[in-house]
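Here is a friendly walk through one chain, meant to be read with the structure open beside the text. We begin with the overall layout and then turn to strand pairing, one loop residue and some charged pairs.

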Amino acid sequence: MSTSTTASVSTHILDTSAGRPAGDVAVQLAARTGRDADWQALGGSATDADGRCKDLPALPEGTTHVRLDFDTETYFAKKQAAAQQDAPALRDSENGRPVFFPEVTIAFAVVPGEHYHVPLLLNPFGYSVYRGS
């Protein structure tokens, strides 16, 4: 949770092609202490059955920017393996083409004392992200 000297981050993913949460998606968290500073990996988690990451690492004091990296390629590969053979959204990968977005990286600025919930709306050929509540 955020304090007056730190910010906090949470996320969830909705697979808009399926109309349900995207479970078991690996999420990595990184932070930096200024625009020109190097990113520091803080660790990661995976989304639960409700598409939420409830245990992302805490942000260190002085964090000004945060980066979330979502492993979407593995998620779609698992989904494809379980899907019907003739599903239109999956035909490209059945023909040997790679997943269009193998990863999604979102970077954003933070200020101490604020909580940032960053939902990812995902489908095989696009995504959207916003600051939630």
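## Layout of the chain

Read from the N terminus, the elements of the chain follow the order β-β-β-β-β-β-α-α-β-β-β. That comes to two helices and nine strands. Please keep in mind that this is a predicted model.

The chain has 133 residues, and 35% of them are buried. Its accessible surface is about 7,500 Å², with 50% of that belonging to carbon and sulfur atoms. If you take the contacts between residues at least 6 apart in sequence, 66% of them join residues at least 24 apart.

## Strand S6 and its partners

Strand S6 is a good place to start looking at the pairing. Strand S3 (residues 26-32) and strand S6 (residues 65-70) run antiparallel and are joined by six bridges. Within this pairing, valine 66 in S6 has alanine 31 standing opposite.

S6 also pairs with S7, again in the antiparallel sense and over six bridges. Here you can find histidine 65 opposite alanine 109 in S7.

## Valine 110

Just along the chain, valine 110 sits in the loop between strand S7 (104-109) and strand S8 (115-123). Is valine 110 buried or exposed? Valine 110 counts as buried because its relative accessibility is 6%, and the cut-off for buried is under 20%.

Which residues does valine 110 touch, leaving aside those up to four places away in sequence? They are Ala7, Thr63, Thr64, His65, Val66 and Tyr116. Two of these names are already familiar: histidine 65 stands opposite alanine 109, and valine 66 stands opposite alanine 31. The C-alpha atoms of valine 110 and histidine 65 are separated by 5.7 Å, although the two residues are 45 apart along the chain.

## Charged pairs

Side chains of opposite charge can pair when their charged atoms come close. In this chain the count comes to six salt bridges, and the table shows some of them.

| Basic residue | Acidic residue | N to O distance |
|---|---|---|
| lysine 79 | aspartate 15 | 2.6 Å |
| arginine 131 | glutamate 114 | 3.1 Å |
| arginine 67 | aspartate 69 | 3.3 Å |

Consider the pair of lysine 79 and aspartate 15, whose side chains meet in a salt bridge. Lysine 79 belongs to helix H1 (residues 72-82) and aspartate 15 to strand S1 (residues 8-15), so this pair ties together parts that are 64 residues apart in sequence. The partners sit in contrasting surroundings: aspartate 15 is buried, with a relative accessible area of 0%, whereas lysine 79 counts as partly exposed at 24% relative accessibility.

Next come glutamate 114 and arginine 131, whose side chains also meet in a salt bridge. Glutamate 114 is in the loop between S7 and S8, and arginine 131 is in the segment after strand S9 (126-129), so the pair ties together parts that are 17 residues apart in sequence. Glutamate 114 is partly exposed, with a relative accessible area of 33%. Arginine 131 is partly exposed as well, with a value of 47%.

Finally, aspartate 69 forms a salt bridge with arginine 67. Arginine 67 has a relative accessible area of 22% and is partly exposed.

How values were computed:
Residues are numbered from 1 along each chain as its sequence is written. This is a predicted model: local features need pLDDT of at least 70, side-chain atom pairs count only at pLDDT 80 or more; totals for chains, interfaces and linings use all residues. Side-chain values use heavy atoms; hydrogens and water are left out. Helices (H or I, at least four residues) and strands (E, at least two) are DSSP runs, numbered from the N terminus. Buried means under 20% relative accessible area, exposed over 50%, partly exposed in between (1.4 Å probe, protein chains only). Contact means heavy atoms within 4.5 Å. Accessible areas come from the Shrake-Rupley method with a 1.4 Å probe; for residues, only the protein chains shown count as cover. A salt bridge is a side-chain nitrogen of Lys or Arg within 4 Å of a carboxyl oxygen of Asp or Glu. Two strands pair if DSSP finds at least two bridges between them.
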